[in-house]
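Subject: Structure for you to look at

Hello,

Here is the structure I said I would pass on. Please open it first, and then read the notes below it.

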Amino acid sequence: MATIQAAKRALRAQLKQRLAALSDLEKLRQSQAVTRKLLSHHRYQSAQRIAVFLSMSDEVQTGDIIRDIFHQGKLCFIPRYQPRSTHMDMVRLGSLEEINQLPVTTWNIRQPGEEDCREEALATGGLDLVLVPGLGFDKEGHRLGRGKGYYDTFLERYSRHLSEKPYTIALAYQEQICDSIPVTENDFEIDEIICAGALEMPEK
Ligand SMILES: Nc1nc2c(c(=O)[nH]1)N(C=O)[C@@H](CNc1ccc(C(=O)N[C@@H](CCC(=O)O)C(=O)O)cc1)CN2
Ligand SMILES: Nc1ncnc2c1ncn2[C@@H]1O[C@H](COP(=O)(O)OP(=O)(O)OP(=O)(O)O)[C@@H](O)[C@H]1O
Ligand SMILES: [Mg+2]
């Protein structure tokens, strides 16, 4: 167990370095390719309730995806995590314009404040699709996040409450695809990865 945590830590550091070396232009190019693939995906097209993250500078940029969600009249949910815990909710984002009004957390992520009363996806019918961030992914669907367990805990709670799992798609730069990711039994498996380049994932 301790060795898995150490291996995760080492891989996180390596992936952060690799991502820091990507130019803005390259990130834009890959983000556009990922967005295009996602928007033509049948899981996306049929989803009404979608959770998406507001991207940080080293993640696939989600702005155009969020714009499309509103254009298509789908419902948009975004993470609201509690610092110093593993708790995260997916709360309703009402419009594209709202994003710029959201406060920024100490980790420089926009999210509604604690006192801001919002519809929670888990309480109002769950999610058809969860778009998942992360630092690294492998072709088995294993994921390395930023090390706080927010998505693992959220998806675990989701299955406990709604007795099913939402479909999960990770959005990745090619540089985030690894040969293998060390995981524990707490780490959920992603159903699919969308990345700019070619990627073969075994059928689930
Ligand atoms: N865009 C986005 N939003 C998200 C996530 C994410 O991965 N991406 N999350 C997915 O979980 C949650 C936030 N989780 C996070 C966990 C760690 C760090 C982070 O920057 N950690 C510092 C180290 C901080 C420390 O150790 O105290 C770092 O990585 O340098 C950021 C977000 C919810 N919202
Ligand atoms: N299902 C769970 N229930 C409770 N705690 C969990 C669960 N999953 C993970 N954790 C806690 O979160 C910690 C960090 O987990 P892990 O290293 O897998 O983070 P991560 O998946 O990379 O992060 P994130 O999902 O926030 O991006 C674990 O050491 C564990 O304490
Ligand atoms: Mg994990």
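One definition is needed before the notes: Ala, Val, Leu, Ile, Met, Phe, Trp, Tyr, Cys and Pro count as nonpolar, Asp, Glu, Lys and Arg count as charged, and the others, including Gly, count as polar. Keep in mind too that this is a predicted model.

Ligand 2

With those classes, the shell around ligand 2 has 8 charged, 5 polar and 3 nonpolar residues. The shell holds 16 residues, and R143, G145, Y150, D152 and D187 are the closest of them.

Which atoms of G145, G149 and D187 lie close to an oxygen atom of ligand 2? For G145 it is a backbone N or O atom, at 2.8 Å. For G149 it is a polar backbone atom, at 2.9 Å from an oxygen atom of the ligand. D187 uses its side chain instead: one of its N or O atoms there is 2.8 Å from an oxygen atom of ligand 2. On its own, ligand 2 exposes 650 Å², and the protein buries 75% of that.

The space that ligand 2 takes up is the largest pocket. Two or more residues of its shell come from each of α1 (2–20), β6 (143–144) and α5. The largest share is that of α5, with 5 residues.

Ligand 1

Ligand 1 also sits in the largest pocket. There are 16 residues around ligand 1, and K16, L54, E59, W107 and K148 come nearest. By class, this shell is made of 11 nonpolar, 4 charged and 1 polar residues.

Three polar contacts are worth finding on the screen:

- K16: a polar atom of the side chain lies 2.6 Å from an oxygen atom of ligand 1.
- E59: an N or O atom of the side chain is 2.7 Å from a nitrogen atom of ligand 1.
- L54: a polar backbone atom is 2.8 Å from a nitrogen atom of ligand 1.

How much of the accessible area of ligand 1 does the protein cover? Alone, the ligand has 680 Å² of accessible area, and the protein covers 76% of it. At least two shell residues come from β2 (75–81), and at least two from α5 (150–162).

Aromatic pairs

How many aromatic pairs are there? The count comes to 3. One pair is Y81 with Y150, whose ring centres are 5.1 Å apart. Their planes meet at 55°, and planes under 30 degrees apart would count as stacked and over 60 as edge-to-face, so this pair is tilted. Y81 belongs to strand β2 and Y150 to helix α5, so the pair ties together parts that are 69 residues apart in sequence. Y150 has come up already, as one of the closest residues to ligand 2.

Regards

Note on methods:
Residues are numbered from 1 along each chain as its sequence is written. Chains are lettered from A and ligands numbered from 1 in the order in which they are written. This is a predicted model: local features need pLDDT of at least 70, side-chain atom pairs count only at pLDDT 80 or more; totals for chains, interfaces and linings use all residues. Side-chain values use heavy atoms; hydrogens and water are left out. A residue is near a molecule or strand if one of its heavy atoms lies within 4 Å of it. A polar contact is a pair of N or O atoms within 3.5 Å; within protein, one must be able to donate a hydrogen and the other to accept it, and residues adjacent in sequence count only if both atoms are side-chain atoms. Accessible areas come from the Shrake-Rupley method with a 1.4 Å probe; for residues, only the protein chains shown count as cover. On a 1 Å grid over the protein atoms alone, a cavity is a set of points where a 1.4 Å probe fits but cannot get out, and a pocket is an open set with protein on both sides within 12 Å along at least five of seven lines; lining residues have an atom within 4 Å of a point. A molecule sits in a cavity or pocket if more than half of its atoms lie within 2 Å of its grid points. Helices (H or I, at least four residues) and strands (E, at least two) are DSSP runs, numbered from the N terminus. Rings of Phe, Tyr and Trp (its six-membered ring) pair if their centres lie within 6.5 Å; planes under 30 degrees apart count as stacked, over 60 as edge-to-face and the rest as tilted.
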